[in-house]
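Please work through the exercises below with the sequence and the structure at hand. Try each task before reading its solution.

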Amino acid sequence: MSNNNQVEQQIQQFRELLEEYNYQYYVQDAPSVPDAEYDRIFKALQRLETEHPELLSTNSPTQKVGGAALSKFDQVTHQLPMLSLDNVFDSESLNDFMQRVMDKSALVETAFCIEPKLDGLAASIIYENGFLIQAATRGDGLTGENVTENVKTIANLPLRLRGENIPSLLEVRGEVFMLKAGFNKLNEGLIAAGEKPFVNPRNAAAGSLRQLDSKVAAARPLAFYCYSVGVFEGDLADSQYARIEQLKNWGLPVSSEVKRVVGDDACHDFYTNIAEKRPSLAYEIDGVVYKVDDIALQQKMGFVARAPRWAMAYKFPAEEAVTTVENVEFQV
Ligand code: NAD
């Protein structure tokens with residue numbers, strides 16, 4: 001068999017594996033492999049596709065976001081696609097990202113809004129004239145599940161915004177997650193009742209939000225933090241950090257860890273500090289998200305297929321043991 005055929009077969013094998021893992025993770029809320037294993041195969045596939053651009057396909061999992069919305073829910077079409085994030089696992093790769101930003105900005109130093117990478121699931125929540133009118137999951141980025149009634153039961157999320165200059169239309173995006181303490185209690189209760197416990201708080205949050213009966217969701221200890229704005233009508237600040245402050249002033253929950261930082265050293269220090277603090281945080285995080293602070297520069301940098309060019313997730317090393325996937329020979 002020619003070398004090209006082998007590469008093609010390898011790519012096909014990686015794509016099929018990732019599609020299966022996506023289905024288990026996004027649709028069934030029941031992953032069968034640790035995230036680190038998924039990320040390893042994803043990176044291996046990305047590398048093969050970069051080396052062999054003629055084999056790249058828009059159907060590849062590297063070009064898509066999340067999983068299809070469940071048909072048991074009404075579907076919501078996102079007015080602006082909900083994308084994923086590119087990720088890196090070492091400081092050199094983060095430096096490469098920051099350098100790309102500098103090259104584009106033509107400034108000596110660029111400010112970043114740095115945020116904890118919350119380990120839950122993304123949701124879009126729309127406020128009209130200050131009232132919560134719709135909430136949806138990310139789904140495949142274009143179409144999500146209508147989970148309005150469930151989201152309305154989340155204790156720290158206001159049904160009505162307060163304060164001044166609230167945009168008449170405001171779509172906030174953020175993460176639905178489960179506090180560690182609530183997760184442990186929930187699992188203890190499930191085990192006591194003879195039911196299957198959740199694998200981790202992320203899966204518990206996803207399984208709880210995507211319940212048809214909002215009474216079940218209401219009984220689950222879900223929480224929400226905002227981290228961006230989608231569509232809006234009205235005035236908003238021109239920096240990511242200032243927007244987060246605005247959301248906070250309108251009564252929306254945001255993580256108190258978010259910071260605006262200038263300079264490479266300060267960017268790296270944030271990662272080191274929050275990694276140390278991680279065990280004492282009330283919620284799970286799986287890394288740090290670096291976002292270009294200036295919205296005009298974000299717009300100038302734009303997007304690739306599944307992620308913005310102006311943001312990067314720097315993920316923590318895996319805590320779970322990495323298992324070897326049977327029958328997969330890694331060529332990485
Ligand atoms: P991701 O989790 O790597 O990053 C994007 C997501 O981060 C966003 O959609 C949002 O939900 C979240 N996020 C948290 N904090 C944020 C912040 N401050 N700003 C912006 N976004 C923030 O990407 P993904 O597309 O949701 O999922 C892919 C990842 O999921 C994989 O890298 C893998 O780790 C995991 N996964 C695992 C399996 C498995 O079988 N174990 C399967 C599929 C996916």
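The exercises that follow concern a predicted model, and each solution goes step by step.

**Exercise 1.** Describe the shell around the ligand, and find where the ligand lies with respect to the domains.

*Solution.* Begin with the residues themselves: 24 residues surround the ligand, and the closest are Y25, D35, S84, E115 and A122. Next, ask which elements give two or more residues to this shell; they are α1 (3-27), α2 (35-51), β3 (111-118) and β4 (121-128), and the largest share, four residues, comes from α1. Then sort the shell by character, which gives 13 nonpolar, five polar and six charged residues. Finally, turn to the domains: since domain 1 (1-64) and domain 2 (65-315) both give residues to the shell around the ligand, it lies between them.

**Exercise 2.** Decide whether K117 is buried or exposed, and state which residues it is in contact with.

*Solution.* First place the residue: K117 lies in strand β3, and the unreviewed UniProt entry covers it with the annotation "active site". Now apply the cut-off of 20 or more C-beta atoms within 10 Å; because K117 has 20 C-beta neighbours inside 10 Å, it counts as buried. Leaving aside neighbours within four places in sequence, K117 is in contact with I285, D286, G287, V288, V289 and A313.

**Exercise 3.** Carry out the analysis for I244, whose place is in helix α8 (residues 240-249).

*Solution.* I244 has 24 C-beta neighbours inside 10 Å, and therefore counts as buried. Leaving aside neighbours within four places in sequence, I244 is in contact with V254 and V258. As a last step, consider M312, which is 68 residues from I244 along the chain: the C-alpha atoms of I244 and M312 are separated by 18 Å.

Note on methods
Residues are numbered from 1 along each chain as its sequence is written. This is a predicted model: local features need pLDDT of at least 70, side-chain atom pairs count only at pLDDT 80 or more; totals for chains, interfaces and linings use all residues. A residue is near a molecule or strand if its C-beta atom, placed from the backbone, lies within 6 Å of it. Ala, Val, Leu, Ile, Met, Phe, Trp, Tyr, Cys and Pro count as nonpolar, Asp, Glu, Lys and Arg as charged, and the others, Gly among them, as polar. Domain bounds come from an automatic or database domain assignment. UniProt positions are given in the numbering used here, feature names are shortened, and annotations may be inferred rather than shown by experiment. A residue is buried if 20 or more other C-beta atoms lie within 10 Å of its own, exposed if 12 or fewer, and partly exposed in between; C-beta atoms are placed from the backbone. Two residues are in contact if their C-beta atoms, placed from the backbone, lie within 7 Å.
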